[in-house]
Amino acid sequence: MIKTETLSKKRSGPVLFSEYKQGEGVKKALELGRENILFELKSSGLKGRGGAGFPTATKWMLTAASNSDKKFIVCNADEGEPGTFKDRVLLLEYPELVFDGMIIAGYTIGAKNGILYLRGEYEYMLKSLEDYLELLRMDNLLGENIFAGKDFTFDITIRLGSGAYVCGEETALIESLEGYRGEPRNRPPYPVNTGFLGHPTVVNNVETLASVPHILIKGGDWFRTHGTDKSTGSKLFSISGDCKKPGVYELPWGTSINELLNLVEAKNTKAVQVGGASGICLPKSQFNRVLGYEDAATGGSIMIFNESRNMLKILKNFMEFFVEESCGQCTPCRIGNIKLLEGVERIEKDDFTFSYINNLKELGRTMQAASKCGLGQSSPNSFISILDNFKDEIFGAKRKGEKNV
Amino acid sequence: MLVLEKNALSEEIENLVGEFGKDRSALLQILQAIQGKHKYISDFAQQEVARMMDIHPVEVNSIVSFYAFLYSEPKGRYIVRLCQTISCDMSGKEEVAEAVQRELGISFGQTTKDKRITLEFTNCLGMCDQGPAMLVNEKVYTKLDPETAVNILSEIK
């Protein structure tokens, strides 16, 4: 009945890109029952795939434990981090995984409503996703009393964003769903207690939810066999920039930057940006570092820069991004990003002193500590890491050499 | 705006409020629907939404001004958004930008005189592996070069 079964899938990977038939995970979930689902999830060690890395089982348990008669499961498809496009692939090619994950989550926590928050830029997917949901409804996999004897009603609606990066932050996303400006809330309280319209809400990344069906079918222990002790399972990496084979790759956590560069056939690599514009920029000397929550953490964005690239120009692009996307609610982020961009522009014009640069780095650390949400807490990362790791190019002899040419 | 047009717009907004509901959580959806059809949300439209949803017009305006894809000023029938983020930038976004500006005779941020096309830069479209990328209304185009980009824009009416 479901059309994607007939779609040929060329991708392969240990978990997400392995064989899966629509409905399999949901069937298994019903056999297991709520407590065993939470048990498998806990033993899998699955952590949030959007980048923050909060243990998924804990989030679900907290919501499941609440007595509220109304709960929500929200799938965060506001994939806006520069260099990230894995959710695009999951939603276009593996919608059955994402929706089955949402149904399982709904069943486990006792939610009747699922909401997929799709970024406005992805509106072109809306039709195919809506059609897919309609097929699920026709097959009685969504709607009233969908599983015989289980007293479980669940449906999914899709809501569009309107071009705001900050809405990827879970409380900003909820504000947006409620019809307000996408301004993050103070946490705590967390959405698991007071989420959408004040009801307990689980907000999970697309990839997190898509991992759940596989974990239930093959078991939490099997999931742990992939990855490292602290970063279990596999991860989708969105790889772009200077390489021969950009795209989405599923690799176990613990893969080193060097291994990854070989895989995508990157040559003459000077720098790798791990974690998008809000991540850190690593020089060649650190390419032996491994990808994982314990070392180089990332929501999957990997951007590769070769020797021909100007690091200051890259940094400027990132800082312009943050100036535009800061929601403006808290001062460290609203003003801080503007000050950091000014700093980059002054370095460009050779109009700076080192005490000024040091002040800006100090400002960056203040923003990391004092900003209200992840945007302002992480936007100074590239500023600090690029100026520290590429100081020869930006301030030193190499820069002078360039000018003499 | 003619009275006739105003009445038509009011009726349209009334239908949208009927469809999506009067709850505040429907506000963004209603504004998105108006934006999709008219390419902008006029002051009058904002006031009508506020009146029918029982919220202050300033509240509605604050939403329109917050979200990058909602506009309070008229735009072209096609809003073209070229990705300016780093991966697209490195794969030749600047050349594409120059070519479309030259061809249309407008700069980014402007609308053609015939109200056909508005040019804008936007942040990461999630097409970093296939850049440069742009959106034309909701449709996405990838692996652009100056010639293909100009051809795409000359084909839309």
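Chain B of this predicted model is divided into two parts, domain 1 (3-66) and domain 2 (78-155). The C-alpha centres of domain 1 of chain B and domain 2 of chain B lie 29 Å apart.

Chain A, in turn, is divided into domain 1 (3-224), domain 2 (234-306) and domain 3 (311-394). Taken over C-alpha atoms, the centres of domain 1 of chain A and domain 3 of chain A are separated by 34 Å. These two domains do meet: 10 residues of domain 1 of chain A are in contact with 8 residues of domain 3 of chain A. On the side that domain 1 of chain A turns to domain 3 of chain A, the residues sort into 6 nonpolar, 2 polar and 2 charged ones.

A closer look at the strands of chain A is helpful here. Strands 6, 5, 9, 7 and 8 of chain A form an open sheet of 5 strands, in the order 6-5-9-7-8 and with mixed pairing. Strand 6 (247-252) and strand 8 (280-283) of chain A are the edge strands, and each of them pairs on one side only. On average, neighbouring strands of this sheet are turned by 30 degrees against each other, with direction ignored. Within the sheet order, strand 5 stands beside strand 9. Strand 5 of chain A and strand 9 (residues 301-306) of chain A pair in the parallel sense, over 4 bridges. To find this pairing in the structure, one can start from Ser238(A), which stands opposite Ser301(A) in strand 9 of chain A.

The two chains also meet each other. Here, 37 residues of chain A are in contact with 30 residues of chain B. Four elements of chain A each give two or more residues to the side that touches chain B: strand 3 (155-160), helix 7 (170-177), strand 5 (234-241) and helix 11 (311-325). Helix 11 of chain A gives the most, with 5 residues. By class, the side of chain A that touches chain B has 13 nonpolar, 14 polar and 10 charged residues. Strand 5 of chain A thus appears twice in this account: it belongs to the open sheet, and it gives residues to the side that touches chain B.

Finally, a word on confidence. The mean pLDDT of chain A is 94, and 96% of its residues reach 70 or more. Residues 1-7 of chain A stay under 50 in pLDDT, and the model has 11 contacts beyond four places in sequence for them. Where pLDDT is low, the predicted coordinates should not be read in detail.

Notes: Residues are numbered from 1 along each chain as its sequence is written. Chains are lettered from A and ligands numbered from 1 in the order in which they are written. This is a predicted model: local features need pLDDT of at least 70, side-chain atom pairs count only at pLDDT 80 or more; totals for chains, interfaces and linings use all residues. Two residues are in contact if their C-beta atoms, placed from the backbone, lie within 7 Å. Ala, Val, Leu, Ile, Met, Phe, Trp, Tyr, Cys and Pro count as nonpolar, Asp, Glu, Lys and Arg as charged, and the others, Gly among them, as polar. Two strands pair if DSSP finds at least two bridges between them. Axes are lines fitted to C-alpha atoms, for helices over the stretch in contact, and angles run from 0 to 180 degrees between N-to-C directions. pLDDT is the predictor's confidence in each residue, from 0 to 100. Domain bounds come from an automatic or database domain assignment.
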